[in-house]
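User: Could you take a close look at one part of this model for me? I'd like to hear about the strand that carries one of the aromatic clusters, and about whatever is tied to that strand.

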Amino acid sequence: TASDGSAIYIFYSDGPWTLFNNIMTGSAGGSVVSCSLGGGYTPPTFQSNDVFTVGGTRYAGNCPDATGTHGNISANPLFSDPTNSNYHLELGSPVINKGTNSAPQLPSADFDGNPRIQDGIVDMGAYEFFPTTAAISPSSLSFVGLAYGTTSPSQPVTVTNTGGAKLLLGIAITGDFGQTNNCGASVPAGAQCTINVTFTPMARGRRSGSLTISDNAPGSPKVVSLTGTGVAPTATLSA
């Protein structure tokens, strides 16, 4: 199908060749890696890769499933914010320190230009993981009764990078709430940014949601609980 080989599709090959230290993901309904090799062609070798999908197939065609061999795994890599193309790693990602330093032509820097190896072993994927620390304040927000269909003034949530490396962020919000921010994808060491949260109730009664902040600091993801009350609009009488 069109979704087969969503990360890599191999049609014949001049191999043998080897893939090292990659993160490959795919969507449901297809395969992540697919090989269509004719007779006499050798499938590639996989070493220290994460090939992951939910509701799909890791390897298809005549590419053998390499999971569990040669350092290959299949686990959610815990990207910071993949929906916004932020593929930095969260603290606790299973691909941290799981690559192989013996990969040929291993680059000395990652895609951000940071030193490629931390803690002695290279990470899988495009970005090396650099931990930092962070503070989020407050831990909850409450909005007073508001006519449904209208929007409240914003309330701030402050994100402070208390560590020595960039704080890499992914921000998501649920429920009858919205947000704008000046954080970008990262916050420099010692700096802070603000997430402004608004409430737009879509029905009467108590409404709840959450602001989730994924990062490269302990406690990720951090969740700010959001509550508010929707009330009926005030009727307007005409003479």
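Analyst: Here is a walk around strand E19, followed by a short look at the other disulfide.

Keep in mind that this is a predicted model. Strand E19 covers residues 192-199, and it sits in an open sheet of four strands, in the order E12-E14-E19-E17. The pairing in that sheet is antiparallel. At the edges you find strand E12 (134-137) and E17, each of which pairs on one side only. Direction ignored, neighbouring strands of the sheet are turned by 20 degrees against each other on average.

Now for the contact between E17 and E19. These two strands run antiparallel and are joined by five bridges. To pick one out, glycine 178 has threonine 198 in E19 as its bridge partner.

Right beside those two residues in the numbering come the aromatics. The structure has six aromatic pairs in total, and two of them share phenylalanine 199. Take the partner in E13 to begin with: the ring centres of phenylalanine 143 and phenylalanine 199 are 5.7 Å apart. Their planes meet at 40 degrees, so this pair counts as tilted. Phenylalanine 143 belongs to strand E13 (residues 140-147) and phenylalanine 199 to strand E19, so the contact ties together parts that are 56 residues apart in sequence. Phenylalanine 143 and phenylalanine 199 are both buried.

The partner in E17 is set up like this: the rings of phenylalanine 177 and phenylalanine 199 have centres 5.0 Å apart, with planes at 25 degrees, so the pair is stacked. Phenylalanine 177 in strand E17 and phenylalanine 199 in strand E19 are 22 residues apart, so to speak a link between distant parts of the chain. Where does the burial come out? Phenylalanine 177 counts as buried because its relative accessibility is 8%, and phenylalanine 199 counts as buried at 0%. Put the pairs together and Phe143, Phe177 and Phe199 make one aromatic cluster.

Strand E19 has a covalent tie as well. Cysteine 183 and cysteine 193 form a disulfide, with sulfur atoms 2.0 Å apart. The link is right-handed, with 85 degrees about the S-S bond. Here the connection is between the loop that runs from strand E17 (177-181) to strand E18 (186-187), where cysteine 183 lies, and strand E19, which holds cysteine 193; the two cysteines are ten residues apart. Cysteine 183 and cysteine 193 are both buried. So E17 and E19 meet through their bridges and their phenylalanines, while the loop after E17 is bonded to E19.

For context, the structure holds two disulfides. The other one joins cysteine 35 to cysteine 63, with an S to S distance of 1.5 Å. Cysteine 35 is in strand E4 (residues 31-36), and cysteine 63 is in the loop between strand E7 (57-61) and strand E8 (79-81), so this pair ties together parts that are 28 residues apart in sequence. Both ends are buried here too: cysteine 35 has a relative accessibility of 4%, and cysteine 63 has a relative accessible area of 5%. If you number the bonded cysteines in sequence order, the pairing reads 1-2, 3-4.

How values were computed. Residues are numbered from 1 along each chain as its sequence is written. This is a predicted model: local features need pLDDT of at least 70, side-chain atom pairs count only at pLDDT 80 or more; totals for chains, interfaces and linings use all residues. Side-chain values use heavy atoms; hydrogens and water are left out. A disulfide is a pair of cysteine sulfur atoms within 2.5 Å. Buried means under 20% relative accessible area, exposed over 50%, partly exposed in between (1.4 Å probe, protein chains only). Rings of Phe, Tyr and Trp (its six-membered ring) pair if their centres lie within 6.5 Å; planes under 30 degrees apart count as stacked, over 60 as edge-to-face and the rest as tilted. Two strands pair if DSSP finds at least two bridges between them. Axes are lines fitted to C-alpha atoms, for helices over the stretch in contact, and angles run from 0 to 180 degrees between N-to-C directions.
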